[in-house]
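Hi there,

Here is the structure I promised to pass on. Have a look at it first, and my notes follow underneath.

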Amino acid sequence: MFFKFRNSNSLTENQVTDEAVYKQRRDVLKKLGYLGAGTLLAASTKATAGPFDWFSDEDKAKFATSALNFSKVESNASSDILTPMDKATGYNNFYEFGTDKEDPIQHSQSFRVDPWSLSIEGLVEKPITLGYDDLFSSFDLEERIYRLRCVEAWSMVIPWLGFSLANIIKKAQPLSSAKYVSFQTLYEPKQMPGQRSRFTGGGVDFPYVEGLRLDEAMQSLTMLSVGMYGKTLPPQNGAPIRLVVPWKYGFKSIKSIVKIVLTDKQPPTTWQTLAADEYGFYANVNPKVDHPRWSQARERRITGGGLLAQNRIDTLPFNGYDEVASLYKSMDLSKFY
Amino acid sequence: MLKINKPIRANPAFMKVARLLAHVVIFGWLGIVFYQGFSDQLGGDPVQTLLDFTGIGALNLLVISLIISPLAMSFKFTQLLPFRRPVGLYSALYGLSHFYVFIAFELQFEMQLIFAEIIKRPYITVGFVTLIILIVLAVTSVNRIKKRMGTTWFTLHSLAYVAVVLAGLHYLWLVKSAWYEPAIYLIFSVCLLFLRRDKIKKIFK
Ligand code: HEM
């Protein structure tokens, strides 16, 4: 081995620098004329280095997020090292804004979230429609630190702000015939370049749809998130409202939701429709069931600090949220992956 | 194939500068991106970015090294030919860096897993075979070895065409759903093979 891996516990100061402080410093440096060719090469958010990046506009107007009021809730991820915010907001899978990981932050900053309309309908007594402001005022917001495990074998630790999905479902009063919950992302090709053609959106048949069994949806860990790192969500992370199901692979946590429908049949889900042998309906994090093209036994935890600080750790069943195991007691999870 | 009668001749000094520039850009670029990786300037997941950069780099360089001959022939621009070897060598270097990123940073030297992945995942097996070919070609490109091998050298180095097709296949196999780019590479490789069909036929005679 040529390099020693730095333990991520020994993060250096600049790796955990708060975004505001970081930007302030950059501004100072800029004023001093210090950020010259070097930073152009290092194009801060765009990862691919290439001569063409030298011309990209670094100061493109960023989507404005605002601070939220919330209470903190302990979880078993509370002691994990948080992924720095610039990583969690600069490296995303959101094909509506392009298939590369840096596309979403690049192509989403002018995304319009207000007005917004989220409806809860289907097999419910009292359908609900929430406008933009309602998303933040209808329920008490909690900060919950969750691990996010991507099916691509990397993971992050993110402080989400939001409320249990169960709250809103209870409010809508599900009928006894309701067995599943389906979700749908906004479909608006004008705003979402990835939806304009199959070529820009990675072959996905938009709108993106996801689904949960009703008991999964009612599990208190399952949350609708309206913010992260103390503020409202940026578009690349699913503004203004998204699902977070911490014991399932990331693609289940659908973004920018406009519709939640309670149904009696298992709803189709985007990735399962695209490749059923690779992505199942359940998609529970499971180190024992490999993706056909990569092992799921371990994962790379993204904490910041460059190549040498990347940690490989064991992947835990249900991503370490053992309390959900009882939902799947009698199921063969290698069959229902 | 397009034929141009008047040969192109550039000022030798210009060609020298062009070669130097090619070295600086290809090697420098790799160096800069690795530097950015170590200093955490490669976005959310430096490992993935570096893996993709070196993979695409190796493939692009391989394709370029194979286009040089047809270009030189159509335009009667023989001064291009000396670019073939360095570009091919850099393709091997990028390929090696790609493999190194994979074992050092992606799998972080979990030896058992490295072997298991190479054997178990067809797209990685294919990548591995491609890399072996590139290394063999790089090693045998030394002048002394080349002379000693005689005509077998040309037969051996036709494996570059096999490598480009395998690399395209590796790429096509690994994408989650956006298959267009790898498909373009594959179609392009097949076109290259078609351009060189006479040469290939000779080998199989
Ligand atoms: C032992 C040899 C090799 C191994 C283990 C290997 C492994 C990998 C892995 C793990 C990825 C990333 C997959 C992902 O994104 O999930 C990748 C991507 C890639 N590799 Fe390789 N590879 C090898 C050799 C090669 C060679 C020799 C070439 C080209 C000449 C190549 C070209 C590519 C390309 C073009 C990509 C896609 C990059 C992108 O997504 O933008 N690979 N390889």
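A residue counts as buried when its relative accessible area is under 20%, and as partly exposed between that and 50%. Keep in mind that this is a predicted model.

With that cut-off, B:His170 is buried because its relative accessible area is 16%. B:His98, at 22% relative accessibility, counts as partly exposed.

I start with these two because B:His98 and B:His170 both coordinate the iron atom of the ligand through NE2, at 2.0 to 2.1 Å. The pair links distant parts of the chain: B:His98 sits in helix 3 (residues 84-106) of chain B and B:His170 in helix 8 (residues 159-174) of chain B, 72 residues apart. Around the iron atom of the ligand there are six donor atoms, and the angles they subtend run from 84 to 179°, so the arrangement is octahedral.

Now the wider surroundings. The ligand is surrounded by 20 residues, and B:Gln48, B:Phe99 and B:Phe128 are among the closest. Of the shell residues, 13 are nonpolar, six polar and one charged. Helix 2 of chain B contributes the most, with seven residues. Helix 3, helix 5 (122-139) and helix 8 of chain B are also among those that each supply at least two.

For polar contacts, the side chain of B:Asp52 has an N or O atom 3.4 Å from an oxygen atom of the ligand.

One last detail on helix 3 of chain B: its 23 residues reach 31 Å from first C-alpha to last, close to the 33 Å expected at 1.5 Å a residue. B:Gln108, which has a positive phi near 45°, follows this helix.

Best wishes

Terms used
Residues are numbered from 1 along each chain as its sequence is written. Chains are lettered from A and ligands numbered from 1 in the order in which they are written. This is a predicted model: local features need pLDDT of at least 70, side-chain atom pairs count only at pLDDT 80 or more; totals for chains, interfaces and linings use all residues. Side-chain values use heavy atoms; hydrogens and water are left out. Donors are N, O and S atoms within 2.8 Å of the metal (3.2 Å for Na, K and Ca); water is not among the atoms, so sites may look incomplete. Four donors count as tetrahedral if all angles lie between 85 and 135 degrees; four count as square planar and six as octahedral if opposite donors are over 155 degrees apart and all others between 65 and 115; anything else is irregular. Helices (H or I, at least four residues) and strands (E, at least two) are DSSP runs, numbered from the N terminus. Buried means under 20% relative accessible area, exposed over 50%, partly exposed in between (1.4 Å probe, protein chains only). The expected span of a helix is 1.5 Å times one less than its number of residues. A residue is near a molecule or strand if one of its heavy atoms lies within 4 Å of it. A polar contact is a pair of N or O atoms within 3.5 Å; within protein, one must be able to donate a hydrogen and the other to accept it, and residues adjacent in sequence count only if both atoms are side-chain atoms. Ala, Val, Leu, Ile, Met, Phe, Trp, Tyr, Cys and Pro count as nonpolar, Asp, Glu, Lys and Arg as charged, and the others, Gly among them, as polar.
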